[in-house]
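Reader: I'd like to go through this one with you and ask how each label was earned. Could you put it up first?

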Amino acid sequence: MSGPVDGLDAAVPEGGGAAARGVSPVAAGVTVTSPLLDGSAEARVAVDAAEPVFAGHYPDFPIFPGVCVVECAHRAALSAAPEPVALAAVDSARFSGAVYPGDVIDIRLTWRRRGDGWRCSASAATARGVAASVRLRYRPAGQQTEAAAPAPAVADLLPHRYPMLLVDRVVELVPGERVTAVKAVTLNEPWYAGLTPGTALAYPPSLVIESWGQAAGLLASAASPESRGQVMLFGSVADAEFHGPVRPGELIEHRVRIARSLDDSVIFEGESRCGSRPVMSVARMVMAFRPAGALKEATA
């Protein structure tokens with residue numbers, strides 16, 4: 001190679017860092033084996049048998065999903081990009097061989113500028129030969145096709161995390177008054193692990209209550225920002241009536257209203273629906289806030 005070409009002389013540190021990786025279905029890291037030069041770069045991903053996707057694709061004959069190979073190509077591209085970029089499109093992906101646990105994927109990248117964006121062609125190969133050819137399109141980082149509407153961050157208002165974070169999105173939030181939040185029920189939740197499809201798939205009613213209660217917690221936290229340093233405790237529930245089952249693939253819409261606020265407790269009421277179908281009504285739920293330090297002392 002004789003030297004850099006137009007706009008392609010910037011080398012990015014190996015691995016790309018957490019900012020480049022973001023949220024990914026692939027646990028393995030990307031190693032840049034040949035930094036960007038003359039529009040070309042090379043990277044490598046070691047596919048460990050412990051990759052999370054192997055637990056369900058397929059349990060009796062594990063194959064690395066094709067979309068994960070595309071993901072590896074994308075992450076490799078981010079790790080050796082000519083400038084900060086964001087994925088705009090997968091123009092094409094063609095698969096010619098399977099990837100199995102223990103394989104090492106060698107990825108060769110070719111970058112070229114197109115208009116105000118970039119195109120990246122990636123060839124992914126294992127020791128058995130080429131597994132996939134992928135063409136990716138990128139836009140400069142920060143350039144959006146349309147403005148994204150801001151939304152309250154559920155994880156900023158609730159202390160819960162996987163697998164017990166059971167609210168996905170806030171639809172409406174009026175601090176001190178009401179909240180509408182949704183929870184998507186899917187077969188990927190741990191409660192369904194090991195079940196035979198078609199049997200006992202109704203979502204546990206106890207988790208419908210918990211999800212509704214978390215929506216109430218969102219409302220309480222938004223109404224009292226000073227309470228966010230405290231622990232929310234489920235005080236009591238009365239007259240939580242179930243009107244029908246919730247099944248995987250359905251979206252539960254929780255509607256929660258503040259009935260009364262006390263010094264360190266809040267009383268809620270409301271209901272849950274799946275589309276136009278009512279699935280639960282709650283006449284009264286009490287949540288209390290307690291200092292986290294006091295609770296830790298009590299368990300010491």
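Author: Sure. A salt bridge here needs a side-chain nitrogen of Lys or Arg within 4 Å of a carboxyl oxygen of Asp or Glu. Keep in mind that this is a predicted model.

Reader: What makes Asp106 and Arg44 a salt bridge?

Author: The closest N and O atoms of Asp106 and Arg44 are 2.6 Å apart. The cut-off is 4 Å, so the label fits. Asp106 sits in strand β4 (residues 104-114) and Arg44 in strand β2 (residues 40-46), so this pair ties together parts that are 62 residues apart in sequence.

Reader: Are those two residues buried or partly exposed?

Author: Partly exposed: Asp106 has a relative accessible area of 32%, and Arg44 comes in at 40%. Buried would need under 20% and exposed over 50%, so both land in between.

Reader: Why is the pair Asp91 and Arg119 called a salt bridge?

Author: Their N to O distance is 3.8 Å, and the limit is 4 Å, so the pair qualifies. Asp91 belongs to strand β3 (residues 85-95) and Arg119 to strand β5 (residues 117-126), so the bridge ties together parts 28 residues apart in sequence.

Reader: How do you know which of the two, Asp91 or Arg119, is buried?

Author: Arg119 has 18% relative accessibility, and buried means under 20%, so Arg119 gets that label. Asp91, at 37%, is partly exposed. These two residues are also linked with Arg137 in a network of salt bridges.

Reader: What about Arg257 and Glu271: what makes them a salt bridge?

Author: A distance of 3.1 Å, N to O, between their side chains; that falls within 4 Å, so yes, it counts. Arg257 is in strand β10 (residues 251-261) and Glu271 in strand β11 (residues 265-274), with their positions 14 residues apart in sequence. Arg257 is partly exposed at 31%, and Glu271 is partly exposed at 21%.

Reader: How many salt bridges turn up in the whole structure?

Author: The search finds 12.

Reader: Lys183 is a lysine, so why is it called buried?

Author: The label depends on the area: Lys183 has a relative accessible area of 5%, and the cut-off is under 20%, so it is buried. You'll find Lys183 in strand β8. Its side chain makes a polar contact of 3.1 Å with that of Glu189. Leaving out neighbours within four places in sequence, the contacts of Lys183 include Leu166, Asp168, Tyr203, Glu250 and His254.

Reader: And what makes Val185 buried?

Author: Val185 has a relative accessible area of 2%, which is under 20%, so it is buried too. Val185 is in the loop between β8 (178-184) and α4 (205-223). The C-alpha atoms of Val185 and Arg247 are separated by 6.9 Å, although the residues are 62 apart along the chain. Beyond four places in sequence, the residues in contact with Val185 include Tyr192, Tyr203, Arg247, Pro248 and Ile252.

Reader: Why is Leu109 called buried?

Author: Leu109 has 0% relative accessibility, and the limit is under 20%, so the label is earned. Leu109 is in strand β4, and its C-alpha atom is 6.9 Å from that of Ala77, 32 residues away along the chain. Not counting residues up to four places away, Leu109 touches Gly39, Ala73, Ala77, Cys120 and Ala122, among others.

Reader: Which residues touch the most other members of the largest nonpolar core?

Author: Leu109 is one of them, along with Phe64, Ile105, Ile107, Trp111 and Tyr138; the core has 36 residues. At least two residues each come from β2, α2 (66-79), β4, β5 and β6 (129-140), and α2 gives the most, with 8. Tyr138 touches residues including His74, Leu78, Val85, Trp111 and Trp118. A second, separate core of 35 residues includes Leu201, Tyr203, Leu207 and Ala215.

Reader: What does the chain as a whole look like in numbers?

Author: The protein chain has 5 helices and 12 strands, and 37% of its 300 residues are buried. Among contacts between residues at least 6 apart in sequence, 65% join residues at least 24 apart. The accessible surface comes to about 15900 Å², 54% of it belonging to carbon and sulfur atoms.

How values were computed: Residues are numbered from 1 along each chain as its sequence is written. This is a predicted model: local features need pLDDT of at least 70, side-chain atom pairs count only at pLDDT 80 or more; totals for chains, interfaces and linings use all residues. Side-chain values use heavy atoms; hydrogens and water are left out. Helices (H or I, at least four residues) and strands (E, at least two) are DSSP runs, numbered from the N terminus. Buried means under 20% relative accessible area, exposed over 50%, partly exposed in between (1.4 Å probe, protein chains only). Contact means heavy atoms within 4.5 Å. A polar contact is a pair of N or O atoms within 3.5 Å; within protein, one must be able to donate a hydrogen and the other to accept it, and residues adjacent in sequence count only if both atoms are side-chain atoms. A nonpolar core is a set of buried Ala, Val, Leu, Ile, Met, Phe, Trp, Tyr and Cys residues joined through side-chain atoms within 4.5 Å. Accessible areas come from the Shrake-Rupley method with a 1.4 Å probe; for residues, only the protein chains shown count as cover.
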